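Okay, thanks for coming, everyone. I've got a small protein to walk you through today, so have a look at the screen and we'll go through it piece by piece.

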Amino acid sequence: GYAVSSGKADEPFTDYTLPASHYASFDVKVANGYDSENRNMDTWLESNPDGWVMTKDENGSSVAVEYYTKRYDNEGIVEIWIPVNK
């Protein structure tokens with residue numbers, strides 16, 4: 001995902017407004033594959049000591065945001081953000 005200040009993304013992207021929420025952020029080293037981090041996210045959601053759970057969007061769907069920064073270019077790392085609440 002990329003932040004756009006105008007509220008309109010250029011094709012082929014679509015607009016999605018992130019709901020106000022707390023977000024858990026996970027670093028994914030793309031060369032290692034996403035599956036390894038999916039397991040880490042599931043483990044954290046099941047066992048975090050503060051009781052955070054994944055929040056669904058208004059349609060009842062799970063949301064995960066891939067956020068690309070310079071870390072992707074330099075280290076091959078993508079941030080995955082998931083909305084959470086207690």
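Let me start with a question: how many bridges join β2 to β4, and do the two run parallel or antiparallel? The answer is two bridges, and the strands run antiparallel. One of the residue pairs you can look for here is Met 54 with Val 84, its bridge partner in β4.

Before we go further, please remember that this is a predicted model. The mean pLDDT for the protein chain is 86, and 95% of its residues reach 70 or more. Confidence is highest in strand β2, residues 53-54, at 94. Helix α1, residues 34-47, is where confidence is lowest, with a mean of 85.

Now the overall layout. You should be able to pick out two helices and four strands. Read from the N terminus, the order goes β-α-β-β-α-β. If you put a box around the C-alpha atoms along the principal axes, that box is roughly 40 × 35 × 15 Å.

Let's go back to β4, since that name keeps turning up. Strand β1, residues 22-29, is joined to β4 by eight bridges, and those two run antiparallel. Within that pairing, Asp 27 has Glu 79 as its bridge partner in β4. Then there's strand β3, residues 65-67, which pairs with β4 over three bridges, in the antiparallel sense. Tyr 67 has its bridge partner in β4 too, and that partner is Glu 79. So Glu 79 gets named twice, as the partner of Asp 27 and as the partner of Tyr 67.

Why can we call β4 largely enclosed by the rest of the structure? Because seven of the nine residues in β4, residues 77-85, are buried. For the whole protein chain, buried residues make up 20% of the 86 residues.

Here's something about how the chain folds back on itself. Take the contacts in the protein chain with a separation of 6 or more: 64% of them are between residues 24 or more positions apart.

His 22 is a nice residue to try this on. You'll find His 22 in strand β1. Setting aside the neighbours within four places in sequence, His 22 is in contact with Trp 52, Ile 82, Pro 83 and Val 84. And if you take His 22 and Trp 81, they're 59 residues apart along the chain, with 9.5 Å between their C-alpha atoms. Is His 22 buried or exposed? His 22 counts as exposed, because its relative accessibility is 52% and the cut-off for exposed is over 50%.

Next, scroll back to the segment before β1. Phe 13 lies there, and Phe 13 is exposed, with a relative accessible area of 52%. The C-alpha atoms of Phe 13 and Lys 56 are separated by 22 Å, and the two are 43 residues apart along the chain. Asp 10 has its place in that segment as well, and Asp 10 counts as exposed at 61% relative accessibility. From Asp 10 to Val 53 is also 43 residues along the chain, with 33 Å between the C-alpha atoms.

Last bit, the surface and the charges. The accessible surface of the protein chain comes to about 6300 Å², and 50% of that belongs to carbon and sulfur atoms. As for charges, there are 7 positive and 15 negative side chains, and the centres of the two sets lie 4 Å apart.

Definitions and conventions: Residues are numbered from 1 along each chain as its sequence is written. This is a predicted model: local features need pLDDT of at least 70, side-chain atom pairs count only at pLDDT 80 or more; totals for chains, interfaces and linings use all residues. Side-chain values use heavy atoms; hydrogens and water are left out. pLDDT is the predictor's confidence in each residue, from 0 to 100. Buried means under 20% relative accessible area, exposed over 50%, partly exposed in between (1.4 Å probe, protein chains only). Contact means heavy atoms within 4.5 Å. Accessible areas come from the Shrake-Rupley method with a 1.4 Å probe; for residues, only the protein chains shown count as cover. Lys and Arg count as positive and Asp and Glu as negative; His and the chain ends are not counted. The place of a charge is taken as NZ of Lys, CZ of Arg, CG of Asp or CD of Glu. Two strands pair if DSSP finds at least two bridges between them.
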